[in-house]
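Visitor: I'm new to reading protein models. Could you walk me through one, feature by feature?

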Amino acid sequence: MKKDIQEAVDYLKKIGFDAPEIGIVLGTGLGKFVDEIDKEAFASYNQIPNFPTATVEFHQGKLIYGTFEGKKVVVMQGRFHLYEGYSTYDVTFPIRVMHELGITKLLVSNAAGAINKGYKKGEMMLIDDHINLQGGSPLAFKGVEEMGERFVDMSQPYDATMNKKIEDIAERNNINIQKGVYASVMGPQLETRAEYRYLGIIGADAVGMSTVPEIIVANHLNLPVAAVSVITDECDPDNLQPVNIQEIIKIAGKAEPDMILLFKELIKEL
Ligand code: HPA
């Protein structure tokens with residue numbers, strides 16, 4: 001694994017990914033963020049040695065390097081999901097590569113469905129904690145202890161300092177942001193009414209199909225991480241509307257300016 005990571009890092013350094021400070025993962029419908037970056041280099045995922053290759057068509061599948069608010073950033077435009085058939089190792093490989101490139105902070109975004117009945121479409125939720133329902137761990141492989149602690153502590157998986165800054169920024173800019181628990185499921189099928197009911201009972205505020213493996217690996221690497229969900233649909237089991245993936249992408253796109261503002265102000269302060 002170390003060799004695979006090093007090969008990817010060597011390639012990226014060679015094409016100009018010199019010294020990123022902050023890594024950013026852009027979720028479904030949140031790709032426009034890259035327009036704001038002063039780009040210096042980029043690579044399609046399928047050009048990078050040992051990277052999994054992008055499959056979901058609405059993800060553009062690129063790693064971008066550049067300057068944003070005076071900081072060097074590396075941005076994943078599109079991520080890998082378990083539901084595409086990738087392993088937990090595959091979906092988190094880019095996190096390990098960005099870390100080896102030198103990032104010291106990680107920001108993650110995603111689209112999620114609301115379980116909490118107080119949440120509305122188009123709002124954001126700062127992830128305060130999570131529940132892993134994906135049936136696997138990105139740390140369950142032979143040799144994990146060569147890369148870090150096996151029994152990684154998860155008592156505070158999301159960086160308290162960055163979370164506080166995000167809340168303050170939202171308040172200063174009149175952006176309504178919820179704070180809650182994200183449950184990750186494997187997908188790709190959406191949840192049944194009984195599953196939504198169950199998610200509410202166990203304490204989830206939002207549900208999605210990503211992020212948690214990335215957070216676990218960031219914790220494995222002692223890499224401070226913050227994550228924000230855009231609430232794209234309301235999953236009320238007593239009044240469940242059929243979900244429409246195009247609608248999810250559209251709502252995520254509408255919330256995108258707020259998400260960009262939040263990340264922009266946060267990056268200024270890091
Ligand atoms: N489940 C329900 N709604 C969603 C999801 C999900 O995984 N992702 C975005 N909206």
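Visitor: Which strands each supply at least two residues of the shell around the ligand?

Guide: Start with the ligand and look outward. Keep in mind that this is a predicted model. Here the strands are β5 (105–114), β8 (206–208) and β9 (225–234). β5 gives the most, with three residues.

Visitor: How many residues surround the ligand, and which are the closest?

Guide: The shell has 13 residues, and the closest are L190, E191, Y196, G208 and D233. You can also sort a shell by residue class. This one has eight nonpolar, three polar and two charged residues.

Visitor: What lies close to the nitrogen atoms of the ligand, and at what distances?

Guide: For a polar contact, look for a pair of N or O atoms within 3.5 Å. D233 puts a polar side-chain atom 2.6 Å from a nitrogen atom of the ligand. E191 also uses a polar side-chain atom, this time 2.7 Å from a ligand nitrogen. With G113 it's the backbone that takes part: one of its N or O atoms lies 3.3 Å from a nitrogen atom of the ligand.

Visitor: How much of the ligand's accessible area does the protein cover?

Guide: On its own, the ligand has 260 Å² of accessible area, and the protein covers 94% of that. As for where to look, the ligand sits in the largest pocket.

Visitor: Let's move on to rings. How many aromatic pairs does a search of the whole structure find?

Guide: It finds 10. To read a pair, check the distance between the ring centres and the angle between the planes. Take Y89 and F93: their ring centres are 6.0 Å apart and their planes meet at 35°, so this pair is tilted. Both residues belong to helix α2 (residues 88–101), where they are four residues apart, about one turn of the helix.

Visitor: What about the backbone? What should I expect of phi and of peptide bonds?

Guide: Most residues other than glycine have a negative phi, and most peptide bonds are trans. Now for two cases that go the other way.

Visitor: Which peptide bond is cis?

Guide: Look at the bond from G187 to P188, which is cis, with omega near 0°. You'll find P188 in the loop between β7 (177–184) and α4 (193–201).

Visitor: And which residue has a positive phi although it is not a glycine?

Guide: That's N174, with a phi of about 55°. N174 is in the loop between α3 (160–172) and β7.

How values were computed
Residues are numbered from 1 along each chain as its sequence is written. This is a predicted model: local features need pLDDT of at least 70, side-chain atom pairs count only at pLDDT 80 or more; totals for chains, interfaces and linings use all residues. Side-chain values use heavy atoms; hydrogens and water are left out. A residue is near a molecule or strand if one of its heavy atoms lies within 4 Å of it. A polar contact is a pair of N or O atoms within 3.5 Å; within protein, one must be able to donate a hydrogen and the other to accept it, and residues adjacent in sequence count only if both atoms are side-chain atoms. Accessible areas come from the Shrake-Rupley method with a 1.4 Å probe; for residues, only the protein chains shown count as cover. On a 1 Å grid over the protein atoms alone, a cavity is a set of points where a 1.4 Å probe fits but cannot get out, and a pocket is an open set with protein on both sides within 12 Å along at least five of seven lines; lining residues have an atom within 4 Å of a point. A molecule sits in a cavity or pocket if more than half of its atoms lie within 2 Å of its grid points. Ala, Val, Leu, Ile, Met, Phe, Trp, Tyr, Cys and Pro count as nonpolar, Asp, Glu, Lys and Arg as charged, and the others, Gly among them, as polar. Rings of Phe, Tyr and Trp (its six-membered ring) pair if their centres lie within 6.5 Å; planes under 30 degrees apart count as stacked, over 60 as edge-to-face and the rest as tilted.
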